[in-house]
Amino acid sequence: MAGHAFYEEAKRTGATFHYHERVTGIVVENGRVKGVKTTKGEYGTKVVLNAAGPWARKIGALVGLDHPVNPDSHEGGITEPVAHFLGPMVVDIRPSPGSGNYYFFQLATGQVVFSITPQPPIPGFDRRETSVFLPQVARRMVALMPRLTNIRVRRTWRGLYPMSPDGSPLVGWSEEVKGYLMAIGMCGQGFMLGPGLGELLARMVTQETLSSEDQETLQILSPYRRFRGQEALK
Ligand SMILES: Cc1cc2nc3c(=O)[nH]c(=O)nc-3n(C[C@H](O)[C@H](O)[C@H](O)COP(=O)(O)OP(=O)(O)OC[C@H]3O[C@@H](n4cnc5c(N)ncnc54)[C@H](O)[C@@H]3O)c2cc1C
């Protein structure tokens, strides 16, 4: 629903969407972006924004850059709706064999949404659901909150975290290729960071004056930073 709302608002303010059209090349002349090639044609542009999530490294390779972004997969699930009983989101940070933290919360519409961090991580682009996830997470959730025993699970799904070396995104203009902007490596936080980063990126593309908060954010998320440590709750 949120995704659709963003889509409608973007259309209302003039954005156009091209579906089933893969970017296959980025035209660079004299170190500057000039256009984009796709499976359906070629477009002139001075700016390319790489927001390709788990595929960011492949887009970077089109301009000769190697971004340290690699996908690993996580599964999520959703139950049937039940009467409201859960206030805050529950995050259990205790590791267990085969998994790290897991978390669940109840939507306003009554369904409980849950996910777990596989340990060790599962690298790669495979998005087929596994038979491991549901028994693994259900056992831990029911042990923590026995009243969850009888809620029926409606569906599960598996998606990709675009992981950076330190668990934080890489956002900023390329120093090597003028006009190439990166918003990659969103890890497990891309949905919550999306709206704020989207506004910041729009200010960058339209060359608005950036506030001191913007500049601080860009310094912290610089693609050229030294990678140290690992964000704790990725
Ligand atoms: C189970 C699960 C639970 C999660 N929970 C949360 C959460 O609670 N909160 C949170 O903030 N985040 C969460 N995340 C993480 C979040 O989903 C990601 O961080 C986010 O989706 C990354 O957004 P993105 O826009 O960078 O990439 P994506 O959403 O992956 O978008 C990349 C887009 O680029 C397109 N693309 C790639 N290559 C090309 C090409 N060559 N040409 C054209 N288009 C291309 C793809 O089709 C895709 O549409 C979760 C992820 C999973 C899997």
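A residue counts as near the ligand here if its C-beta atom, placed from the backbone, lies within 6 Å of it. The model is predicted.

**Shell around the ligand**

By that cut-off, 23 residues surround the ligand. The closest are Gly 53, Gly 76, Gly 159, Gly 190 and Phe 191. Two or more residues of the shell come from each of strand 5 (70-79), strand 9 (153-163) and helix 4 (190-205). Strand 9 gives the most, with 4 residues.

By residue class, the shell holds 13 nonpolar, 8 polar and 2 charged residues. At least three residues of the shell are drawn from domain 1 (2-69 + 166-220), and at least three from domain 2 (73-160).

**Three-stranded sheet**

Strands of a sheet pair through backbone hydrogen bonds, either parallel or antiparallel. In this model, an open sheet of 3 strands has the order 1-2-3, and its pairing is antiparallel. Strand 1 and strand 3 are the edge strands, and each of them pairs on one side only. From one strand to the next, the twist averages 25°.

The table lists the strands of this sheet with their residue ranges.

| Strand | Residues |
|---|---|
| Strand 1 | 23-29 |
| Strand 2 | 32-38 |
| Strand 3 | 42-44 |

Strand 2 and strand 3 are joined by 3 bridges in the antiparallel sense. Which residue of strand 3 is the bridge partner of Lys 37? The partner is Glu 42.

Note on methods. Residues are numbered from 1 along each chain as its sequence is written. This is a predicted model: local features need pLDDT of at least 70, side-chain atom pairs count only at pLDDT 80 or more; totals for chains, interfaces and linings use all residues. Ala, Val, Leu, Ile, Met, Phe, Trp, Tyr, Cys and Pro count as nonpolar, Asp, Glu, Lys and Arg as charged, and the others, Gly among them, as polar. Domain bounds come from an automatic or database domain assignment. Two strands pair if DSSP finds at least two bridges between them. Axes are lines fitted to C-alpha atoms, for helices over the stretch in contact, and angles run from 0 to 180 degrees between N-to-C directions.
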